[in-house]
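Subject: Structure for you to look at, with notes on pockets and helix packing

Dear colleague,

I am handing over the structure we spoke of, and I would be grateful if you could keep it open while you read the notes below it.

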Amino acid sequence: MCSAVRARAAAVAAAVALGGGACGTTNAAPARVTVPPGATMRAAAESLHHAGVIRSSRFFQLYAKLRGTDRGIKAGTYVIQRGASWGAVLSMLRNGRGIVNVVTIPEGFTLAQIEPLLAAKLSVAADSVQAAVSDTALLRRLDIPTTTVEGYLFPDTYFFPPGTAARSAVLAMARRFEQRWRPEWSARLDTLAVSRHDLVTIASIVEREAKRPEERPVIAAVYWNRLRRGMLLQADPTVQYALPEHQTRLLSKHLTVKSKYNTYRYPGLPPGPIASPGVASLQATLYPANVPYLYFVAYPDGHHEFRGKLEEHQIAARAARRAWDAVRKQRRLDSLKAIAVQRAPSPQRK
């Protein structure tokens, strides 16, 4: 019994010693720690340990218990300095200090998708986000000739502290774009004889079109080839962008929409990007594949068939339509089967 008491006393002393001072250098980068709803102190301690905030999850739990602060921690994503004392860390967990709003912008998101997401995450009015993405000073800074920063809010995960204004968040996302733009890319623009805005515009179309990463440079090459020949781009994603409501399937009537973003109707590039491209699509557009293709058609499994001649493309397009029709037929059958199962009487219990 005495040995058990001595062991506990030693553990208490170790916990107090570890928790009393800083856990590491205060110059270290802050760590991001997520405490899910309903998490125990043990789960929180393990997350803190994995993030490098504390050295021992076991001693941290004991320290919290000794302080009487091992319950009532607040869920959320925290940004915690790795050099913080255990007392300060516990105070943050109990009081919710250091919690940030996590905003993830996927590649290919449009402003129409980003704006409501940002407003909800920051708890700000939607019109404040709309004003921020149309800020003329920011447009001048990025040399954007259109009326919004469409395409320039870089797709990434952002951590904004509570109270962050829409303007500050939009500026941070635009700065991320500037940070991820590589110096050699600017030199490449001269080789291609295009502006950055035009490049981002093509990259945004590639981003919305490509389903498989390896196809991005080939899709980009098709658009470059068509532009150089003076052909219409005929990019379906630009038509989707021009329509007032998203259409799961484009019909012939949609291709006649009167909008400069309709590349089936108007030659050249649309006025600006139609979404936020990621690094892979920017890179693919800057360095397209060396292929002669002028056409491509999408198949249900996500891949595209590329062709250099119209006659060959028409054959591939007919095959693609058959594949899509088969998928739609199977979906209808599956739906009817599901309805039949739902309507079937339940077997009576004996």
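What follows is a description of two pockets and of three helix pairs.

Please bear in mind from the start that this is a predicted model, and that the values below are computed from it.

The pockets

The largest pocket holds about 1500 Å³ of space, and 41 residues line it, with E209, D236, L250, V297 and A298 lying nearest its centre. If you would like to trace its walls by element, α10 (196-209), α11 (216-228), α12 (236-242), β5 (295-298) and α14 (310-343) each supply at least two residues of the lining, and the largest share, 11 residues, comes from α14. In terms of residue class, the lining of the largest pocket consists of 20 nonpolar, 10 polar and 11 charged residues.

The second largest pocket contains about 370 Å³ of space, and of the 21 residues that line this pocket, T110, A112, E150, Y241 and I274 are the closest to its centre. Two or more lining residues are given by α5 (111-122) and by α12, and the largest share, four residues, comes from α5. Sorted by class, the lining of the second largest pocket has nine nonpolar, eight polar and four charged residues. You will notice that α12 appears in the description of both pockets, since it is named among the elements that supply the lining of the largest pocket and also among those that supply the lining of the second largest one.

The packing of α10 and α11

Two of the elements that line the largest pocket, α10 and α11, also pack on each other, at an angle of about 130 degrees and with their axes 10 Å apart. That angle makes α10 oblique to α11, and the crossing of the two helices is right-handed. On the α10 side the contact is made by L199, I202, I205, V206, E207 and E209, and on the α11 side by R216, I219, A220, Y223, W224 and L227. By class, this contact has nine nonpolar and three charged residues, with no polar ones. E209 therefore deserves a second look in the viewer, because this residue of α10 takes part in the contact with α11 and is also listed among the residues nearest the centre of the largest pocket.

The packing around α5

The helix α5, which gives the second largest pocket four of its lining residues, packs against α6 (residues 126-133), and the axes of these two helices come within 9 Å and cross at roughly 130 degrees. This makes α5 oblique to α6, in a right-handed crossing. Here L111, E115, L118 and A119 in α5 meet A126, V129, Q130 and V133 in α6, and by class the contact has six nonpolar residues, one polar and one charged.

The helix α5 also packs with α8 (residues 166-180), at an angle of about 125 degrees and with the axes 11 Å apart. Once again the angle makes α5 oblique to its partner, α8, and the crossing is right-handed. The contact is made by I114, L118 and L122 of α5 together with A166, A169, V170 and M173 of α8, and its residues divide into seven nonpolar, no polar and no charged. L118 of α5 is a useful residue to select in the viewer, as it is listed in the contact with α6 and in the contact with α8.

With best wishes

How values were computed. Residues numbered from 1 in each chain as written. Predicted model: local features only at pLDDT ≥ 70, side-chain atom pairs only at ≥ 80, totals over all residues. Heavy atoms only, no water. 1 Å grid on protein atoms, 1.4 Å probe; cavity = no way out; pocket = protein on both sides within 12 Å on 5 of 7 lines; lining within 4 Å. Points joined across faces, edges and corners; volume = space filled by probe spheres on them. Nonpolar A, V, L, I, M, F, W, Y, C, P; charged D, E, K, R; others polar. Axes fitted to C-alpha atoms, helices over the stretch in contact; angles between N-to-C directions. Parallel < 35°, antiparallel > 145°, perpendicular 65-115°, else oblique. Left-handed = near helix turned anticlockwise from the far one by under 90°. Contact = heavy atoms within 4.5 Å.
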